[in-house]
Amino acid sequence: MSGATIADAVRVGRMPWSGLLALFSAAFTAVMTELLPAGLLPQLGAALGVPEGRAGFLVTAYAVASTLSAIPLTALLRGLPRRPVLVGTLAGFALFNTVTALSSSYAVTFGARVLAGVMGGILWAMLVGYAARMVPVERRGRAIAIVSAGITVALCAGIPAGAALASAFGWRTAFLGLAVVAVALVGWVLWKVPDFPGEAATVRVPLRRVAALPGVRTILGVTVLVLVGHQAMYTYLAPFVAFAGLGRTSVVLLVFGVGTVAGIWVTGVVIDRFPRVTLVVVLAVVAGAMAVLAVSGGPGWAPLGAVALWGAAFGGVPTLLQSALVDASGTGNADAATSMQTTVYNAGIAAGSLAGGLVLEGAGAGALPWTSLPLVAVALAVVVAARRRAFPARRS
């Protein structure tokens with residue numbers, strides 16, 4: 001499907017599936033690039049001649065670079081046509097994954113990971129806005145859900161598959177495979193994804209004014225609350241599972257992951273008709289799941305069911321918040337707004353992990369859901385109250 005054909009599809013309301021699946025694959029590749037080393041630390045450390053702790057910094061380097069680069073580089077690149085920027089980031093993933101696969105130097109590998117993180121910061125800031133511009137407004141939420149599903153598929157299937165590939169053929173093969181996928185994606189994007197113009201300097205809204213648009217700061221605030229609450233619990237799920245006697249952590253994670261996949265699918269079906277109601281419901285379910293986990297006294301179906309509901313509800317949260325942000329900022333400002341959300345999202349993950357660790361050390365695993373519950377409850381209250389600008393019942 002050419003760019004013109006996609007434009008025709010947008011006008012008549014059809015979904016440009018091939019282009020959206022290319023963006024889905026880009027999200028998948030970015031998550032794989034970021035998190036694959038986490039499961040390969042012994043092999044990476046041995047090959048690079050460093051302890052596993054230093055090998056773990058390869059994951060940290062990517063995350064920090066992605067967080068710090070999203071806003072400034074998005075601002076710098078806003079005036080450029082969108083498809084060349086997307087192709088450039090994918091080419092960067094191909095290059096830096098190749099360097100990682102071939103390097104035997106920790107310093108060189110660390111540098112490649114930093115630069116790959118920069119590519120990630122640019123990519124995450126533009127994917128949601130790109131998807132939103134490819135479809136009519138009444139299909140915007142579903143398009144964002146399709147692209148965001150690349151994250152879940154990478155977490156639930158891609159990372160385990162990559163670890164299995166590395167175990168069978170070596171970790172270098174896994175990174176070379178990611179480089180090949182990125183090269184293929186360059187061709188796919190050039191073939192099936194339409195180009196969109198950048199923002200002209202005369203109409204470009206400064207970042208501070210994008211942040212000041214009605215509803216934007218409220219959505220970013222809800223993003224922080226939800227991510228801190230979720231991550232404080234999720235990061236330390238293993239010690240909580242042991243505390244509550246829920247069995248094997250891998251089984252509980254599988255239950256959560258299956259729930260997440262189901263949640264993304266359901267969200268994609270209902271988000272365009274009921275965006276506000278859906279967000280209220282999923283946050284209420286997350287809060288309810290935290291309450292069940294907080295009061296559960298031991299093993300049983302109730303806590304495991306709560307984990308499944310938590311995964312299903314949280315699976316739709318990122319898509320719902322991204323869609324709300326695009327609605328509030330407008331598609332013309334979506335890249336700038338989502339670059340802020342990328343930074344806020346990563347800051348929420350870091351803050352949640354830190355808060356959960358402090359609670360675990362100070363009060364024990366049983367206090368973790370009690371930490372998450374009030375944060376999610378406050379986020380829910382804000383969504384319920386912010387019905388005029390940030391989370392209206394229907395799109396304008």
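In the predicted model, the second largest cavity is lined by Thr 74, Leu 77, Arg 82, Val 85, Ile 122, Ala 125 and Met 126. Its volume is about 40 Å³. Helices α4, α5 (82-102) and α6 (106-133) each contribute at least two residues to this lining, and α6 supplies the largest share, with three residues. By character, the lining of the second largest cavity comprises five nonpolar residues, one polar residue and one charged residue.

Helix α4, one of the contributors to this lining, covers residues 52-77. At 1.5 Å a residue, its 26 residues should span 38 Å, and because the C-alpha atoms at its ends are 36 Å apart, the expected and modelled values agree. The helix nevertheless carries a kink of about 45 degrees at Ala 70, shortly before the proline Pro 72.

In total, two cavities of 30 Å³ or more are present in the structure. The largest cavity encloses about 110 Å³ of space. Twelve residues line the largest cavity, and those nearest its centre are Pro 275, Ala 324, Asp 327, Phe 391 and Pro 392. Helices α13 (275-295) and α14 (301-329) each provide at least two residues of this lining. The greatest contribution to the lining of the largest cavity is that of α14, which gives four residues. Seven of the residues lining the largest cavity are nonpolar, one is polar and four are charged.

Key. Residues numbered from 1 in each chain as written. Predicted model: local features only at pLDDT ≥ 70, side-chain atom pairs only at ≥ 80, totals over all residues. Heavy atoms only, no water. Expected span 1.5 Å × (residues − 1). Bend = angle between axes of the 7 residues up to and from the residue. 1 Å grid on protein atoms, 1.4 Å probe; cavity = no way out; pocket = protein on both sides within 12 Å on 5 of 7 lines; lining within 4 Å. Points joined across faces, edges and corners; volume = space filled by probe spheres on them. Nonpolar A, V, L, I, M, F, W, Y, C, P; charged D, E, K, R; others polar.
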